[in-house]
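Trainee: Could you take one part of this model and go through its packing closely, with the cut-offs stated as you go?

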Amino acid sequence: MKILFIISNLANGGAERVISTLCDEFSKMGDTCEILYFEQNSGYYEYKATLTHLPLYEKYEKRGILNKLSKFWRINKAIKKSNSNAVISMLDQTNINVLISSFFAPKSVIIGEHTDERELKSRFWRAMRRLLYARAKALVVLNKSEKNYYNFSKNAKVIYNPLNADFLSPSAPANKENIVLCVGRLESVKNYEFYLKSLALISPDLRKNWRFIIAGDGSQKERLLALNDELKVGAEFIGHAKNTKELYAKASILALPSKSECFGNVLAECISFYCARISTPTAGASELITHAKDGIIASELEFAKALEQLMSDESLRASLAKNAIRRLADFEPAKIAFKYKELILS
């Protein structure tokens, strides 16, 4: 079987990592994969697939309405040329473009959503999404809340993001340090301004014995650095981290203060490193954390107090981290790939 994945950009996002892992698993099953992408390939991930670049935007976007509309014909042509048995498209606007294009291609399209439905702001694109998603053979979402929203899709399934082997083998919680770790891009949705203000509410006597590491880059960096200095909380901004495993291995606590998360990959990645998890109440956190059993979910009003309690109680951290290990089986790549294969063959 040949499977065609379609995505706009091959960067370092969660959808790209999912495609990389699925290609690896499908190859083990004897299937072949092709990835059709429209913009850039950053080379961040390795893909066991043929990579095909279709430059939809850089050559055609500014040449009038007919050339802009011709992108649908070009996508259609690329789908036919791939001679694939199944098409899996990732992310909202790409999904819409592929579904329009596939009106004229005899393919069954599976689409995947990896962001909160509220992230798509344009009324036009939201209307198109509602109209066209019903045409897809299946829609893959990351949590039950998103599945309920997409009730207009005829076949919505919750399938988690897979973890690669590096994040599936629990390691003894040795050499843990008093580190509260955040991993994520420095953008508004990650809510770091709120996080820094929460740190300022924690007892200075407790805070001085801990390090607060933020791994990530983004447009809010300068603003956050200035706020960090103003509040004197001493958070360490270390930029984008290529090897997050080393950070997870040292950190005692993984904090995710986001405004919204469909999944929150870091909440799954850190489990095998025995990090105690605390998150704001996003849809992803509700899916991946059972409050007070294998992590903490705290509202913005309660976040500082909950984090302070977690920092103060080593036994609580150990209990939460140990209980979370049971969730690792949910993210096994072979299991996730099998669920995708079931959708393809259904």
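Mentor: What follows looks at one helix, α13, and then at the core that includes one of its residues. This is a predicted model, in which local features need pLDDT of at least 70 and side-chain atom pairs count only at pLDDT 80 or more, while totals for chains, interfaces and linings use all residues. Residues are numbered from 1 along each chain as its sequence is written, and side-chain values use heavy atoms, with hydrogens and water left out.

Helices (H or I, at least four residues) and strands (E, at least two) are DSSP runs, numbered from the N terminus. Helix α13 spans residues 314-324, and within it Arg317, Leu320, Ala321, Asn323 and Ala324 are buried, where buried means under 20% relative accessible area, exposed over 50%, and partly exposed in between, with a 1.4 Å probe and protein chains only. Because these residues cover an arc of only 165° around the axis, they are on the same side of α13, the arc being that of the directions from the helix axis to the C-beta atoms. An α-helix has 3.6 residues a turn, so residues three or four places apart point the same way. On the other side of α13, Glu314, Ser315 and Lys322 are exposed.

The cover over the buried residues of α13 includes β11 (253-256), β12 (276-279), β13 (296-297) and α12 (303-312), with contact meaning heavy atoms within 4.5 Å.

A nonpolar core is a set of buried Ala, Val, Leu, Ile, Met, Phe, Trp, Tyr and Cys residues joined through side-chain atoms within 4.5 Å. The largest such core has 59 residues, and those with the most contacts inside it are Phe5, Phe26, Leu181, Tyr248 and Tyr340. Apart from it lies another core, of 30 residues, and Leu320 is among them, as are Leu199, Trp210 and Ala255.
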